[in-house]
Amino acid sequence: MPVITCIDDLKRLHQKRTPKMFWDYCESGSYTEQTFHEHSSDFAKLRLRQRVARDLSGRVLDSTMAGQKVSMPVALSPVGSTGMQHPDGEILAARAAAKAGVPFTLS
């Protein structure tokens, strides 16, 4: 298993394992790709503050979303490439979300 330390590591692994047409689909947007570029630009502005040697024993991730208790404030949603990557991609994602205690949303 390769060492993954950042999103770029995941992208390189995905690119190696995925047929070119699926990679191209996942790494682009529709029409002018305006939304894709705006989201990429917005995410590039985010900075996470690294903290080390902190007591995390009292930390919890559970929360509520739309009045529903969740294990962490994350939701999975289907995207067009899920079914292209695996025939049961959306079903498996929904099962993984249920197992992790997070919502799976419908498109």
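The exercises below concern a predicted model and treat its salt bridges, surface patches, backbone angles and contacts.

Residues are numbered from 1 along each chain as its sequence is written, and side-chain values use heavy atoms, with hydrogens and water left out. Because the model is predicted, local features need pLDDT of at least 70 and side-chain atom pairs count only at pLDDT 80 or more, while totals for chains, interfaces and linings use all residues.

**Exercise 1. State how many salt bridges the structure holds, and analyse the one between Glu27 and Lys11.**

Step 1. Apply the criterion: a side-chain nitrogen of Lys or Arg within 4 Å of a carboxyl oxygen of Asp or Glu. The count for the structure is 4.

Step 2. Take the pair. The side chains of Lys11 and Glu27 meet at 3.2 Å, N to O.

Step 3. Place both residues, using helices (H or I, at least four residues) and strands (E, at least two) as DSSP runs numbered from the N terminus. Lys11 is in helix H1 and Glu27 in the loop between H2 and H3, so the salt bridge ties together parts that are 16 residues apart in sequence.

Step 4. Classify accessibility, where buried means under 20% relative accessible area, exposed over 50%, and partly exposed in between (1.4 Å probe, protein chains only). Glu27 has 28% and is therefore partly exposed; Lys11, with 32%, is also partly exposed.

**Exercise 2. Describe the salt bridges Lys20 to Asp24 and Lys69 to Asp62.**

Step 1. For Lys20 and Asp24, the closest N and O atoms are 2.7 Å apart.

Step 2. Both residues lie in helix H2, with a spacing of 4 residues, about one turn of the helix.

Step 3. Lys20 is exposed because its relative accessible area is 61%. Asp24 has 34%, so it is partly exposed.

Step 4. For Lys69 and Asp62, the N to O distance is 3.4 Å. Lys69 is exposed at 62%, whereas Asp62 is partly exposed at 38%.

**Exercise 3. Which residues form the positive surface patch, and where is Arg59 found?**

Step 1. Select residues with over 30% relative accessible area and no salt bridge; like charges are then joined within 9 Å, and nonpolar side chains (Val, Leu, Ile, Met, Phe, Trp, Tyr) within 5 Å. Lys and Arg count as positive and Asp and Glu as negative, while His and the chain ends are not counted. The place of a charge is NZ of Lys, CZ of Arg, CG of Asp or CD of Glu.

Step 2. The positive patch consists of Arg49, Arg51, Arg54 and Arg59.

Step 3. Arg59 belongs to the loop between helix H3 (34-45) and strand S1 (63-65). Its relative accessibility is 59%, so Arg59 is exposed.

**Exercise 4. Characterise the nonpolar surface patch and follow Ile4 to its contact with Asp9.**

Step 1. The patch is made of Met1, Ile4, Ile7 and Leu10, with about 460 Å² of accessible area together. The areas come from the Shrake-Rupley method with a 1.4 Å probe; for residues, only the protein chains shown count as cover.

Step 2. Ile4 is in the segment before H1 and is partly exposed at 36%.

Step 3. Use the contact criterion, heavy atoms within 4.5 Å. Leaving out residues up to four places away in sequence, Asp9 touches Ile4 and Val3.

Step 4. Asp9 is in helix H1 (residues 7-17). Its relative accessibility is 15%, so Asp9 is buried.

**Exercise 5. What are the phi values of Glu33 and Ala53, and where do these residues lie?**

Step 1. Glu33, although not a glycine, has a positive phi of about 60 degrees. Ala53, also a residue other than glycine, has a positive phi near 55 degrees.

Step 2. Glu33 is in the loop between helix H2 (20-26) and H3, and Ala53 is in the loop between H3 and S1.

Step 3. Glu33 is partly exposed at 24%, whereas Ala53 is exposed at 84%.

Step 4. Check the surroundings of Glu33. With neighbours within four places in sequence left aside, Ser28 is in contact with Glu33 and Phe36. Ser28 lies in the loop between H2 and H3 and is partly exposed at 27%.
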